[in-house]
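Let's take a walk around a protein model and see what its surface, its pockets and its charged side chains look like. Keep the picture open while you read.

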Amino acid sequence: MSIFMLLNPFLFFRNYVRIPVETFVKKQYFEYKERTNKGISSAKELLYRVGIILLFATVILWISVFMYVVFYYTYIPNVTHVRPVHLQFKSCEEQMGVCSFPSAHVQLTKRSYMLMPAQPYRVRLVLDMPESPPNKELGMFLVCAQMRAKGGVLVSSSCRSAMLRHRSRLHTLFRTMLLVPLLLSGCSEEKQQLQVELFSDFVDDQDVPVTDAYVEVQSRFAQVYGVELHIEAHFTGLRYVMFHWPKFSCVVGISSNLFFVSLIFILSWYHLQDGLPDFVKGKFGEEKFGEEKFETSHFGEDKFDEEDEEDNGKANMPFKFEGPIKLEREDGVHP
């Protein structure tokens, strides 16, 4: 029969060619399929982990940016407050001109406060004055200001001197000739802008915040085009760095927030892991308990087997008598 199988080419091809090749191909196919399934599951798990990490990183980043923006706009006040000043005066009845010092009441805010407490401010009065003969002959004059709270409570007052800058006739002539096209077109004017610093380091009181300002030009002959009151914040320390170097302070601030927020997230995560043994680690706890129980039962069985072997050994051992033995009869008489 075996010789017939060897001589039969079809049986020989099936047994020694087709079946081994099919077995090898199926084996390779199933191994490749198993590896592919494992790779797909591992890729899905990797994508899931990457997605979770990206989600947490995005949340932490936006929280850090939001914290820095809130801190910036809370810690840094408005840099400049500009209020127009409308001067009022009493006109003369008998002759043309001004018979009182020009003065104005400037309402800084309708709220309870405008300036940030404990923040130094510079208060300046900007006057646009024409280069007219009366102003050139005016010389020095005083500009006074009073900072008051609600109810007219005086907080601070100051007076500063001012005057137009002197220009010689030759300088005025050449300057006028040079600026003739601009002067004729109205792009330029023959005027000077005076900036009078009334308070160089004004700090608002938190208990009595400033809400109004009173300005007075103590000269009846001063001629002005317009007046503005400028209140500018004078930054020092951290505020100075954050305002003048915003990009550097932004990078440092957001990086610091990232570090602390990430640290809080990590500590919270570990604390959460330790505090969830009931509904997260219950399954793992039962398995562990089963394994411990299994090990304990095996250990008990081994111990009992050892004790039984010891007892059997003792039972099979022959008795050994040590020392003298007394023999007695049934009737109680000693030999």
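## A greasy stretch on the outside

Start with Met-67, which sits in helix H2. Keep in mind that the model you're looking at is predicted. Is Met-67 buried, partly exposed or exposed? Its relative accessible area is 38%, and since the partly exposed range runs from 20% to 50%, Met-67 counts as partly exposed.

Met-67 has company. Together with Tyr-48, Ile-52, Leu-55, Phe-56, Val-59, Ile-63, Phe-66, Val-70 and Phe-265, Met-67 makes up a nonpolar patch on the surface. Added together, these residues offer about 900 Å² of accessible area. Which element gives the patch its largest share? That's helix H2, spanning residues 9-75, with nine residues.

## The largest pocket

Now for some empty space. Rolling a probe the size of a water molecule over the atoms shows where such space is left. The largest pocket holds about 350 Å³. It has 13 lining residues, and the ones closest to the centre are Ile-52, Phe-56, Ile-60, Phe-265 and Trp-269. You've met some of these names already: Ile-52, Phe-56 and Phe-265 are also part of the nonpolar patch.

Two helices, H2 and H7 (246-274), each bring at least two residues to this lining. H7 gives the most, with seven residues. What kinds of residue line the largest pocket? Sorted by class, the lining has ten nonpolar, two polar and one charged.

## The second largest pocket

The runner-up has a volume of about 290 Å³. Again there are 13 lining residues, and Lys-136, Arg-165, His-166, Arg-167 and Ser-168 lie nearest the centre. Helices H3 (133-138) and H4 (169-178) are the elements that give two or more residues to this lining.

The mix of classes here reads like this: two nonpolar, six polar and five charged residues. Hold on to the name Arg-167 from this lining, because Arg-167 is also one half of a salt bridge with Glu-131.

## Three salt bridges

How many salt bridges does a search of the whole structure find? The count is three. One of them joins Glu-232 and Arg-124, whose closest N and O atoms are 2.4 Å apart. Glu-232 belongs to strand S8 (residues 226-233) and Arg-124 to strand S3 (residues 120-130), so this pair ties together parts that are 108 residues apart in sequence. Glu-232 is partly exposed at 24% relative accessibility, while Arg-124 is buried at 12%.

Another salt bridge brings together the side chains of Arg-167 and Glu-131, at 2.3 Å from N to O. This pair links distant parts of the chain, 36 residues apart: Arg-167 is in the loop between strand S5 (154-162) and H4, and Glu-131 is in the loop between S3 and H3. Arg-167 is partly exposed, with a relative accessible area of 28%, whereas Glu-131 is buried, at 14%. There's also a salt bridge between Glu-189 and Lys-191, with 3.9 Å from N to O. Here Glu-189 is partly exposed at 43%, and Lys-191 is partly exposed at 32%.

## Strand S6 and a loop to look at

Next, find Leu-194 in strand S6 (residues 191-203). Leu-194 has a relative accessibility of 7%, so it counts as buried, the cut-off being under 20%. How far apart are Leu-194 and Asp-128 in sequence and in space? They're 66 residues apart along the chain and 6.5 Å apart from C-alpha to C-alpha.

Finish in the loop between strand S2 (103-107) and S3, where you'll find Ala-118. Most residues other than glycine have a negative phi. Ala-118 has a positive one, near 65°. Ala-118 is also exposed, with 63% relative accessibility. Lys-110 has its place in the loop between S2 and S3 too, and Lys-110 is exposed, with a relative accessible area of 73%. Between Lys-110 and Lys-150 there are 9.8 Å in space, C-alpha to C-alpha, and the two are 40 residues apart in sequence.

How values were computed. Residues numbered from 1 in each chain as written. Predicted model: local features only at pLDDT ≥ 70, side-chain atom pairs only at ≥ 80, totals over all residues. Heavy atoms only, no water. Patch = residues over 30% accessible without salt bridge, like charges linked within 9 Å, V, L, I, M, F, W, Y side chains within 5 Å. Areas by Shrake-Rupley, 256 points an atom, 1.4 Å probe, with all protein chains shown as cover. Salt bridge = Lys/Arg side-chain N within 4 Å of Asp/Glu carboxyl O. Helix = DSSP H or I, 4+ residues; strand = E, 2+ residues; numbered from the N terminus. Buried < 20%, exposed > 50% of the residue type's maximum accessible area, 1.4 Å probe, protein only. 1 Å grid on protein atoms, 1.4 Å probe; cavity = no way out; pocket = protein on both sides within 12 Å on 5 of 7 lines; lining within 4 Å. Points joined across faces, edges and corners; volume = space filled by probe spheres on them. Nonpolar A, V, L, I, M, F, W, Y, C, P; charged D, E, K, R; others polar.
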